[in-house]
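Here are some short exercises to work through with the model open beside you. Try each task before reading its solution.

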Amino acid sequence: MLRILEAVLFASAEPLRERALAQRLPESADLPSLLEALQSQYSARGVNLVRSGERWAFRTASDLTSFLRLEVSLPRRLSRAAVETLGIIAYHQPITRAEIEEMRGVSLGRGTLDILLELGWIRPRGRRRSPGRPVTWGTADAFLDQFGLESLDALPGLEELRAAGLLDSHQVWSAITGGPEGEEQSDSDEDGGGELPFDAVEDDEAISLDEDNRP
């Protein structure tokens, strides 16, 4: 069963949920134990079995990154607005568009959420039970996989981000921490494209009016 599990994980082009893995194994298989055993077998190899959110995949061992890194030119970089918006969503999810705009102190560009949604880094978390029933947003498993995080608990603290030089910009610091608002402006000149229409499916676990329940 370990060999089957190993083969399925190697053959997949993307991380797999435990439910998908269980469908490939006999009903008597103890999947958690098998994953733990396989993870242990690969712990000292060039590739490791890692968990990103609810999905599992083989990934290059972190200490070998420098030997495999390739420098490539990206046709499009994330705008400052998109980076700040992603940071706010990661640290304050589930969160609505209006709440993001309030934290940043600026109007959110029409294409900002579209970009992050197309990358698969965010996903709708349902609708808030408040006037207007606004859609709430949170990070997706692809976000954890992209940044090598096992879960949201592994997100660096704000002081760690500042020490790494990632929060030198007062605008970014204020955006993530929800600090003083900046000058009222719009991201429309910074982000192109129109917003895609989206009817979010309700997710009761993600919808809450209680501020104490928000991460």
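**Exercise 1. Find the residue in E3 that is the bridge partner of Ser52, then place the pair in its sheet.**

*Solution.* Keep in mind that this is a predicted model.

Step 1. Start at Ser52, whose bridge partner in E3 is Arg55.

Step 2. Locate the two strands: Ser52 belongs to strand E2, residues 47-52, while E3 covers residues 55-60. Six bridges join E2 and E3, and their pairing is antiparallel.

Step 3. Widen the view to the open sheet, which has three strands in the order E1-E3-E2, paired antiparallel. Strand E1 (16-17) and E2 each have a single partner strand and stand at the edges, so each has one side without a neighbour in the sheet.

**Exercise 2. Decide whether Ser52 is buried or exposed, and list what it touches beyond its sequence neighbours.**

*Solution.* Step 1. The relative accessibility of Ser52 is 7%. The cut-off for buried is under 20%, so Ser52 counts as buried.

Step 2. Setting aside residues up to four places away in sequence, Ser52 touches Asp141, Leu144, Asp145, Leu149 and Glu150.

**Exercise 3. Work out which helices lie across the sheet strands, and how the buried residues of H1 are arranged.**

*Solution.* Step 1. Helix H1 (residues 2-11) lies across E1, E2 and E3, at about 75 degrees to E3. Helix H3 (residues 31-41) lies across E2 and E3, at about 140 degrees to E2.

Step 2. Pick out the buried residues of H1: Leu5, Val8 and Leu9. Viewed down the helix axis, the buried residues of H1 fall within an arc of 95 degrees, so they line one face.

Step 3. Turn to the face of H1 pointing away from its buried side, where Arg3 and Ala11 are exposed.

Step 4. Look at the cover over the buried residues of H1, which includes E1, helix H2 (18-22), H3, E2 and E3.

**Exercise 4. Identify which residues have the most contacts inside the largest nonpolar core, and which elements give two or more residues to this core.**

*Solution.* Step 1. The largest nonpolar core has 19 residues, and Ile89, Ile122 and Phe143 have the most contacts inside it.

Step 2. Two or more residues of this core come from each of helix H5 (80-92), helix H6 (97-104), helix H7 (112-119), strand E6 (135-139) and helix H8 (141-146). H5 gives the most, with five residues.

Step 3. Apart from this core lies another of 15 residues, including Leu5, Val8, Leu9 and Tyr42.

Note on methods
Residues are numbered from 1 along each chain as its sequence is written. This is a predicted model: local features need pLDDT of at least 70, side-chain atom pairs count only at pLDDT 80 or more; totals for chains, interfaces and linings use all residues. Side-chain values use heavy atoms; hydrogens and water are left out. Helices (H or I, at least four residues) and strands (E, at least two) are DSSP runs, numbered from the N terminus. Buried means under 20% relative accessible area, exposed over 50%, partly exposed in between (1.4 Å probe, protein chains only). Contact means heavy atoms within 4.5 Å. A nonpolar core is a set of buried Ala, Val, Leu, Ile, Met, Phe, Trp, Tyr and Cys residues joined through side-chain atoms within 4.5 Å. Two strands pair if DSSP finds at least two bridges between them. Axes are lines fitted to C-alpha atoms, for helices over the stretch in contact, and angles run from 0 to 180 degrees between N-to-C directions. The arc is that of the directions from the helix axis to the C-beta atoms.
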